[in-house]
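Biologist: Please take a close look at one chain, beginning with the way its strands are paired and moving on to its helices and its partner. A connected account, with cut-offs for the terms, would be most useful.

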Amino acid sequence: MSTVRASARWIKADLRARRGQALLAVLAVAGIVTALITSATLLEDSTNPWRGLFTQTDGAHVWIHAKQSPDPAGLAALPGVTGVAGPYRSAPVTLAQDGRKAPVALRALPVDPPEIAHPVVREGRWLDRADLDGVVVERSFARASGLRLGSPFTVTALNGTRHVLAVAGIAETAEQGFYPEWTPGLAWALPETLDRVEPAVGLSESVIGLRLDDPEATRLVVQGAVTLLDERIQRISTWREVRASMELDNRLLGLLLALFGVVGLIAAALAIANVVGGRVLTQSRDFATLKSLGLTRGQVMGMLLVEHGSLGLAGVGAGLVCGQFVTMLALDGGAGLPLSPMPTAAIAVGTAAVVLVAVALPAWRGGRTPPIPAAPAMPPRGHLSRMARLALLVRLPPALVLGARDAFTRRLPAFLTTFGVAVPMMMITIGLGCWATLDNFLSHPEQVGQAAALTVKPGRLPASDAERLIRADPGVTAFYPGTEVDALEPEQTRTVPARAIGTSAEPYPFVVVDGRGYAERGEAVAGQGLLDLLEVEIGDRVRVTVGGTPLILRIVGRVVEPDKDGEVLSFGIDSLSAKDALPPEFYSLVVKPGVDAEEVRTRLLAASGQNLEVARVVNPAERLAVIRVVIVALVVVLALIGLANLLTASALGLRDHALDLAVLKAMGLTPRQVAATLVTGTGVLVVIGVVTGVLAGASLSNGIINLQGHTSGVGAGIARAPSAVTLLVAVLVAVGAALLVALIPARRAARARVPVAIR
Amino acid sequence: MTPKQLSTVIKTVNLGKIYQQGAVPVPAVRGVDLEIGAGEFVAVTGPSGSGKSTLVHMLGGLDKPSSGEIWLDGRRVDTLRESAWALLRRKKIGFVFQFFNLVANMTVADNVELPALLAGSSPKEARARREYLLDALGLTERSDAPPSQLSGGEQQRVALARALSNRPSLLLADEPTGNLDSRNTRDVLRLLGEVHRDGQTIVLVTHEARVASLADRVVSLLDGQVIDDGTIAVPRRRSRGGAGDVVELR
């Protein structure tokens, strides 16, 4: 008890004496924990809105789109199927809004929401017989199209008739991914309404959902359904695809954050060890005094552990709170569930353990301080370092020489300082690399597989007219006819998007990373996602079925594929049979450099009398904009860590030189020169650390970003290193800030009149 | 009042300390036999390097002897481990150092209360003891100041208050005036004389004969060995006390 009281006094006094440093430590740990929690939340399945939605809607695992109404009883009888949703009639219509046209699947659902796969209404109400013009729109589609409750919902059926409906409700479903990643958009209407909009049954499809007792048995059930329905199947989607499409953004972000978080944790551990170690060194006299007063070795160590450990734990606590908060913001209060207790506990315990280990070592050293306070602290070994000899050789000013000498007198702290600055700097450089990559996405979309800035759909115009109009536009360099089709994958269990674009003679300018572009009929290129999905390599042949026609394609190259998780197969339109290829569904337009795509769009719309449908291609970087916020936040946290290291380094430098200061002044150095000596001592280490960090970061960043590209399906080859100017500015800012931070205590010490030797 | 009549506070038997300097053993203290009774005021003098500080550090357990025995209050203590020594110091020993060695982060009041708390006093008792000591040393109004704002003399007075805060049976003072001007030296010595009159056993290390002359008994060391151990019998001075001592000292 007596020890506890005495230790508590000391801890309180010490914390009061260094509030700023203590706060910095708490902030750094809190920042790291926040990053880790956020990344874990984003990475964890539970944040994927799919799981929540699937549970809420009692969703179906498999959705089958067929030509004629299939027999639900037959499907329900398949082994493993526990329930059937539908069949529902679904008609392709076009939503015209603000001059834009978007394809929509208008699906007939009954007034009473079905038991299985019932959409959950978020706003407004469900369909009602009293309001036959009311439709319920899927939420992501409503958001992307700017539809609100009561908005007019003007659709054009395939036969060209226009119908003005109105949005009565907005609902969510787990049967398809979010718009625009997943098209077409989805809207529900009553069967009577659908019959009015699209009377021709032959022009609509039938959609049926199967709920399984074991989600893992999806493949078997799908095979069973394919055998049963055979030719009638148009498209099949499974819960895995829906889930994957919903998680794309979160995953990439989560990976990035996890990377920053883990390396940040290492950096923080180093920083804490360094800060506590430095603190212990500067306080060794006090520990000696305390021991002479009767504190044992263990008690000194315990005291240090409690003081610094509790700061770390406070940081962990603050980080947990911040993490929850940030996650809530990041998920936009959406369908994501909060992080489950296990990973949260793992992060909290893990970080706390790292903090305690980082604190324990210096604390142990503090406990071993000999109890004779009169004995001066170990004087630094004063041999002239190589740096100093070099400095002498080139006749640098004395302050610089002395500073350079001091920098390396204590090898371990010098190393820790350098390392402690280098690690955050490395991470900052990697962050800048991510930034540069995003910039490159935006400024050079052609380098990430988005050569075309505009997509033109002929709409009601014949293909020849559309081509004539496009060719006539002065802003267009090239255009490629294309068609997107669904290709049934080899085992016929699901479909992959296939893009027929360009011709073998005039291929679409893909960014081919491995292999080569397609140049003949029967050759194709694919994104990383597709290669992983089908487990094929470049040079392999794949057999797919497009519109009932078997097609054998040889994959000759891997391209950067930002769409659909990279699960896209691309080939020349001439590889398709004529019935599937003509007329082209759309034209991809490459705009002349320097010409605004919006201008071309307006011109084309005007020239065609609004008959062409012209859409701008969505750049993937626009979806990833939040990464920039993350990068900025992490740079701040890392800068804090570096700063903590630096403060320690300069405090240590001061302590080591306290004895010298009087001598230096006696030798005739002005206060300014004394300050310069001290600043140089830390400055040399900082410069080495910063430069090492930047070099390491620059060499690692491409690899890491490409790895992320690979995992997200886009594929390696997207990474761009930050420009030399950016790096130079980063180095200068870091070194400048470091010197400023080192200057304040140095000036104070240099001006102090009291001989610091006797504290 | 001769030492033999008093109960022995600390006793050393053939105490020795050898430092290793590289491969060369350097003896600092050689075969010191010393017996100090309760209430005695002993000055240990000698030129620098004669082993005075080492001796007093060993008496307080800050340094481990290489040979010999130390008995404190009738108990052999040289065999104790570092932590056992620490626990012993809390109750029985107070230290005053040449460079004051106040804990820099703590206020004067906290510095003085710390040993009392360690010795097991309640916060209330520690506070009362601190108020009494600081009042006696004329430092009451500085009790909330950090040590760095105090003059050298004030710091040493605080250090003395701290050393007395746990009511030690033995007060060890290692060159307490070595860093002070003559006026502060006078003050500190007056205080030491006062606590001695209250019955405090004191071992004072000094190289100044003038300071040593304040003690009852002077032990002279040279090259680590006791060359002289004599009692100064000046009963007149003790009985009168007060400022007169100082006047005579000058």
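Modeller: B:I18 has B:P27 as its bridge partner in β2(B). The pairing in question is that of strand β1 (residues 8-21) of chain B with β2(B), which is antiparallel and extends over ten bridges; strands count as paired when DSSP finds at least two bridges between them. The model is predicted: local features need pLDDT of at least 70 and side-chain atom pairs count only at pLDDT 80 or more, while totals for chains, interfaces and linings use all residues. Residues are numbered from 1 along each chain as its sequence is written, and chains are lettered from A and ligands numbered from 1 in the order in which they are written.

The two strands belong to an open sheet of four strands in chain B, with the order β2-β1-β4-β5 and antiparallel pairing. Its edge strands are β2 (24-37) and β5 (75-76) of chain B, each of which pairs on one side only. For chain B as a whole, the secondary structure comes to nine helices and ten strands, where helices (H or I, at least four residues) and strands (E, at least two) are DSSP runs numbered from the N terminus. Of the 250 residues in chain B, 49% are buried; a residue is buried if 20 or more other C-beta atoms, placed from the backbone, lie within 10 Å of its own, exposed if 12 or fewer, and partly exposed in between. Among the contacts in chain B between residues at least 6 apart in sequence, 69% join residues at least 24 apart. A contact requires C-beta atoms, placed from the backbone, within 7 Å.

Among the helices, α3(B) is largely enclosed by the rest of the structure, because eleven of its eleven residues are buried. They are B:V108, B:A109, B:D110, B:N111, B:V112, B:E113, B:L114, B:P115, B:A116, B:L117 and B:L118. Within chain B they pack against α2, α4 (123-136) and α5 (152-164), and from chain A they pack against α1 (2-17). Just after α3(B), B:G120 takes a positive phi of about 105 degrees.

The packing of α3(B) against a helix of chain A leads to the interface. There, 28 residues of chain B are in contact with 26 residues of chain A. On the chain B side, the elements that give two or more residues are α2 (82-92) and α3 (108-118). The most comes from α2(B), with six residues. By class, this side of chain B has 15 nonpolar, seven polar and six charged residues; Ala, Val, Leu, Ile, Met, Phe, Trp, Tyr, Cys and Pro count as nonpolar, Asp, Glu, Lys and Arg as charged, and the others, Gly among them, as polar.

One of the helices packed against α3(B), α5(B), also has a helix partner in α6. The axes of α5(B) and helix α6 (residues 182-197) of chain B come within 9 Å and cross at roughly 15 degrees. The two helices are therefore roughly parallel, a label for angles under 35 degrees, with over 145 counted as roughly antiparallel, 65 to 115 as roughly perpendicular and the rest as oblique. Axes are lines fitted to C-alpha atoms, for helices over the stretch in contact, and angles run from 0 to 180 degrees between N-to-C directions. The crossing of α5(B) and α6(B) is right-handed: the near helix is turned clockwise from the far one by less than a right angle, whereas anticlockwise would be left-handed. From α5(B), the contact is made by B:G152, B:G153, B:Q156, B:R157, B:L160 and B:L164, and from α6(B) by B:N184, B:D187, B:V188, B:L191 and B:V195. By class, the contact has five nonpolar, four polar and two charged residues.

Chain A offers two points of reference. Its strand β2 (residues 81-97) is joined to strand β3 (residues 100-108) of chain A by eight bridges, and these strands run antiparallel, with A:P103 of β3(A) as the bridge partner of A:T94. In the parallel sense, β3(A) pairs with strand β8 (residues 185-189) of chain A over five bridges, and there A:V104 has A:G185 of β8(A) as its bridge partner. For helix packing, α14 (residues 411-443) and α22 (residues 724-751) of chain A meet at an angle of about 145 degrees, with axes 11 Å apart. The crossing of α14(A) and α22(A) is likewise described as right-handed.

Key. Two residues are in contact if their C-beta atoms, placed from the backbone, lie within 7 Å.
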